Amino acid sequence: MKTYKKMYILSLLSIILLSFSNCSNNDSNGNTVDPDDDNPVTDEYSGTASVSQGMGITTIDNLYEPGIRIATMGTITTSDNTIWTVPAEVNYTDNSFPFAPDLHNSDGTSYNTAEEALAAFDDTNSIEIDSDGDLITGYIFGDNYFELYINGQAVGKDAIPFTEFNSHIVKFKVSRPFTIAMKLVDWEENLGLGTEQNGGFAHHPGDGGMVAVFEDALQNTIAITNSDWKAQTFYTAPIKDLNCPTENGTIRDSSNCNTDSEMDGTSFYGLHWEIPTNWTNEDFDDSSWPNATTYTNAIIGVDNKPSYTNFTDVFDDASNDAQFIWSTNVILDNEVIVRYTVE
Ligand SMILES: [Ca+2]
Ligand SMILES: [Ca+2]
Ligand SMILES: [Ca+2]
Ligand SMILES: [Ca+2]
């Protein structure tokens, strides 16, 4: 996690001030109260995450000016005094991390078919991992943002962090077996709250979802997203009641948590877990991670999105039907790592 020194000192100061203001053992009616009752985190939450409450602080106003929704970024301090980047730490502004070429991008290049995109692919955009490897093509649609690594090497990032919805085609040269590792982000308008304005509500919890197909040079499908992939969440919000999330081994389960839209999200909580440093590598041990949960096209809601529907021959191929995947909660889990090794 990134530390912003200035902000850290400021938040420390505000925590000190807050603790002073909490020193009074009398509530507004003059009754003596147990100071622990003021700390819902220690009183209610029993999981392994760091817990934030309320809105984060904006550090980047908008990552992507042409976007329909504003792709803001920021930080939030959790009750254990750690600072987290929200919605996720990403490499969007890092020029050394390549943008994935467009499959369909309303602000860039849009192809009508996968075949057309493949024929037009500029091979200088192909990423070499192994010089004597196989040439692999990947088709990816992510709601809202992804970063793709193959064997720990950065291969492509999503051109549009939030909206409009877009899709990508990537090519890379690698020897099999190889490991696909992706950071997936369901972006948010209200930092740390996991919400966006939608359907007349100021705080609507948006959803995620990612589908991908990988083919060899002969256009044989060698990998599709499905429940054989691993998926783990590292940021879950909004949480309205700290009693609702549960954990069973590595499963971070928020399926009991309320997902209704609200007008006021100022008291919402967020759950943050540290991402292991070597998560992109082929030798990272993901064996204890949960398998990915699959979601139908209807649940993700892609019917009206040409960045998906133009390419259903790839994404919905009857003999190799790629599934939308995410962690166990496609609404509340907002930063998810998925991994899969292609034999
Ligand atoms: Ca995107
Ligand atoms: Ca969400
Ligand atoms: Ca979304
Ligand atoms: Ca499909």
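**Exercise 1.** Determine the spacing along the chain of the donors of the calcium ion (ligand 1), and state which of the donor residues Ile160 and Asn166 count as buried or exposed.

*Solution.*
Step 1. Take as donors the N, O and S atoms within 2.8 Å of the metal (3.2 Å for Na, K and Ca); water is not among the atoms, so sites may look incomplete.
Step 2. For the calcium ion (ligand 1) this gives Asn144 (O), Asp158 (OD), Asp158 (OD), Ile160 (O) and Asn166 (OD1), at 2.3 to 2.7 Å.
Step 3. Written along the chain, the donors follow N-x13-D-x1-I-x5-N.
Step 4. Buried means under 20% relative accessible area, exposed over 50%, and partly exposed in between (1.4 Å probe, protein chains only).
Step 5. Ile160 counts as buried because its relative accessibility is 0%; Asn166 is also buried, at 2%.

The model is predicted: local features need pLDDT of at least 70 and side-chain atom pairs count only at pLDDT 80 or more, while totals for chains, interfaces and linings use all residues. Residues are numbered from 1 along each chain as its sequence is written, chains are lettered from A and ligands numbered from 1 in the order in which they are written, and side-chain values use heavy atoms, with hydrogens and water left out.

**Exercise 2.** List the protein donors of the calcium ion (ligand 4) and classify Asp321 and Ala322 by accessibility.

*Solution.*
Step 1. The protein donors are Phe315 (O), Asp316 (OD), Asp321 (OD) and Ala322 (O), lying 2.2 to 2.5 Å from the ion.
Step 2. The donor residues have the sequence spacing F-D-x4-D-A.
Step 3. With a relative accessible area of 33%, Asp321 is partly exposed.
Step 4. Ala322 has 2% and is therefore buried.

**Exercise 3.** Describe the open sheet of 3 strands: its order and its edges.

*Solution.*
Step 1. Strands (E, at least two residues) and helices (H or I, at least four) are DSSP runs, numbered from the N terminus; two strands pair if DSSP finds at least two bridges between them.
Step 2. The order is 2-3-4, with antiparallel pairing.
Step 3. Strand 2 (57-60) and strand 4 (83-86) each have a single partner strand, so one side of each lacks a neighbour in the sheet.
Step 4. Strand 3 (residues 73-77) pairs with strand 4 over 4 bridges, and Gly74 stands opposite Val86 in strand 4.

**Exercise 4.** Locate Gly47 and give its C-alpha distance to Thr246.

*Solution.*
Step 1. Gly47 sits in the loop between helix 2 (40-44) and strand 1 (50-53).
Step 2. Its relative accessibility of 29% makes Gly47 partly exposed.
Step 3. Gly47 and Thr246 are 199 residues apart in sequence, and their C-alpha atoms are 6.8 Å apart in space.
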